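Me: Could you walk me through this model, starting with the ligand site and ending with the backbone? I'd like short answers I can check against the structure.

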Amino acid sequence: MADKSSGQIDTVMREERLFPPSAEFVAKADIDSMAAYETLWNEAEADPEAFWGKLAAELHWFKPFETVLEWDEPFAKWFVGGQTNVSYNCLDAHLGTERENKTAILWEGEPGDERSFTYKELHAEVCKFANVLKTLGIGRGDVVSIYMPMVPELAIAMLACTRIGAVHSVIFAGFSAAAIADRNGDASAKLQLTSDAAWRRGKQLPLKATIDEALAKSPSVEKCVVLRRVGNDVTMQEGRDFWWHELMAEASADCPAEPLDSETPLFILYTSGSTGKPKGIMHTTAGYNLFAKKTFEWVFDHRDSDIFWCTADCGWITGHSYIVYGPLSAGATVVMYEGAPNHPDEGRFWQIVEKYKVTIFYTAPTAIRAFIKWGDQFPERSDLSSLRLLGTVGEGINPAAWMWYHRTIGGERCPIVDTWWQTETGGIMMSPLPAAVPTKPGSCTKPIPGVVPAIVDDDGNPVAANRGGMLCIAKPWPGMLRGIWGDEERYREQYWSTVPGMFLTGDNARCDDDSYYWIMGRIDDVINVSGHRLSTIEVESALVSHPHVAECAAVGRPHELKGEAISVFVTVKDVEPSDELRDELKAHVRKEIGALAVPDDIRFTAALPKTRSGKIMRRLLRDIASGNTEVGDTSTLEDYSVLAKLRGEEE
Ligand code: PRX
């Protein structure tokens, strides 16, 4: 039973409340008891190949596969010998069925404009744009870089690529020209897709201007297609730049999906790792498609009448898997919203829930913390009674925020699925199946069928219940990344070299006495700012490229809304520290990476605390940045006066 009497418990370790789903929710669900979940999980664990092989019948096969899995660690090939097409599974598969005229995408622009597409209409648009891609010389294996706002054309572009075997690389529209050029270069992108601008909180973000700057440094990109979204003036370069609407006006809507081998690269998505260079995580066709579809159906208990809204951006993995590929291959209706949650005011999301009668709402804890801060008057203004299931993703949710979500948004009737996964995993790895697994606020509960987690110590041995350790995945799964684009060595080293035979997730976790999993944060220098992964080293690399930065260290510190904020310690050269320099450094990071990486605080210091062997003592800086007066172990600190000075600045 839900315990409403206790105060808010912030310590995850002490969280003991258990929230079973309501009888009404359970009555309508497919996987409707812990026993049903366990049967499924055990079946998958006992014979993963039989399990996934059977489910794969839900995809369309131009040619059936011969082998479910070829595992040559660390390289997996799923559904070998088979041919399918993700765009076919998302669109054509529904044509000629009762879903043909079902709404696939309900889109709302930030200014309030609306568009919707049935599966049939979406299919026609995707076919047309796939033909546009072909006329621009794009074919199998070519990389298409996409830098667009959250408009239907973004999903159309992704699906059009998959239709003809091109590989997309979606770059979140908050990244800078330098970051785009970097990614375009790494991927050898051939074509750029963008829009004139994007709407953000009523202002125009000049995407095309940013792309012009990026393309000047992207020699592999030959052409660029520009969608007119906002209507601002843009410069079109003759021979290189084309208007989306002009190309579409000429395009035929006849473009059969190409049969593609199961392991055909589907997309690259860049994410931060523990070095300064972002990694191009590569996913392939059949395994990813099946995993996105099944996890969507299981975790969100999807039924045909649902209106599903995932508030992520397609620039991140969540948008790939749970706005586009998972829901569309399951024949769902998705809401897609272009803009900010606080435009024109802080009630926008709730107005959208009411207007479209959203039944499943999937968002990030950082957004939930913002909603809490903005106040209950906003959700109270809207009718949220259509909601039946809530979800979270991207970072851990603290129990107090979980309780608020449960009460204020879910009206105490909606289960909450706290979904743990990563860009690398392709889809949700741990989450309650909502009608089967009672939830505990702050825990992502249990693994999805087919996912076998392990928590191990530094020697690779399993740890006991309630002990923290490195979270690994012990068996291959269909949605797993197939590599880091162009860097096999880094793939082996990063994920497969620490614990023999296991995929290293980079997170710490513990498992409690009920076999519920609790994520405890990263083991590396990756921080989680507003649900987005950033490497502190990336921020440092950007900063040291500034002529007045001698040395710097970036660390994460707790932040009320963002989860973690970026705190930077800088030693300068040739100039005196000043507020102007601080602003200049922030602008420099914005230019090098993008707004999402701009440090929250920059502290100038004469020296950085180092060990006798010269390593920067990040843990100590983290303590200082968090305002802890009790700093941890300093026994290896070389120069104690540095610490005193840093602490002095703190006061
Ligand atoms: O640290 C974990 C955290 O986000 C990381 C993955 O980030 P990214 O690849 O950007 O994908 C985010 C969306 C899937 C993980 O290594 N993380 C993600 N979900 C959770 C989480 N931490 C705790 N609880 C979660 N539910």
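Here are some questions and answers about the ligand, a helix pair and the backbone.

Me: Before we start, what kind of model is this, and how are residues numbered?

Reply: Happy to help: this is a predicted model, where local features need pLDDT of at least 70, side-chain atom pairs count only at pLDDT 80 or more, and totals for chains, interfaces and linings use all residues. Side-chain values use heavy atoms, with hydrogens and water left out, and residues are numbered from 1 along each chain as its sequence is written.

Me: How many residues surround the ligand, and which are the closest?

Reply: A residue counts as near the ligand if one of its heavy atoms lies within 4 Å of it. By that rule 17 residues surround the ligand. The closest are D418, T419, T423, D507 and R533.

Me: How far is the polar side-chain atom of T423 from an oxygen atom of the ligand?

Reply: A polar contact here is a pair of N or O atoms within 3.5 Å. T419 uses a polar backbone atom, 2.8 Å from a nitrogen atom of the ligand, while D507 places a polar side-chain atom 2.8 Å from a ligand oxygen. For T423, the side-chain distance to a ligand oxygen is 2.6 Å.

Me: What percentage of the ligand's exposed area does the protein bury?

Reply: Areas come from the Shrake-Rupley method with a 1.4 Å probe. Taken alone, the ligand exposes 550 Å². The share buried by the protein is 94%.

Me: Which elements each supply at least two residues of the shell around the ligand?

Reply: Helices (H or I, at least four residues) and strands (E, at least two) are DSSP runs, numbered from the N terminus. The elements that each supply at least two shell residues are α11 (317-329), β20 (416-419) and β25 (517-522).

Me: Are α2 and α3 roughly parallel or roughly perpendicular?

Reply: Axes are lines fitted to C-alpha atoms over the stretch in contact, and angles run from 0 to 180 degrees between N-to-C directions. α2 (residues 34-46) and α3 (residues 48-55) pack at about 115 degrees, with axes 5 Å apart. Angles under 35 degrees count as roughly parallel, over 145 as roughly antiparallel, 65 to 115 as roughly perpendicular and the rest as oblique, so α2 is, relative to α3, roughly perpendicular.

Me: Where is the cis peptide bond that has an omega of about 0 degrees?

Reply: Most peptide bonds are trans. P74, in the loop between β1 (67-72) and β2 (75-80), takes part in this cis bond. The bond joins E73 and P74.

Notes
Polar contact = N/O pair within 3.5 Å; in protein donor to acceptor, adjacent residues only side chain to side chain.
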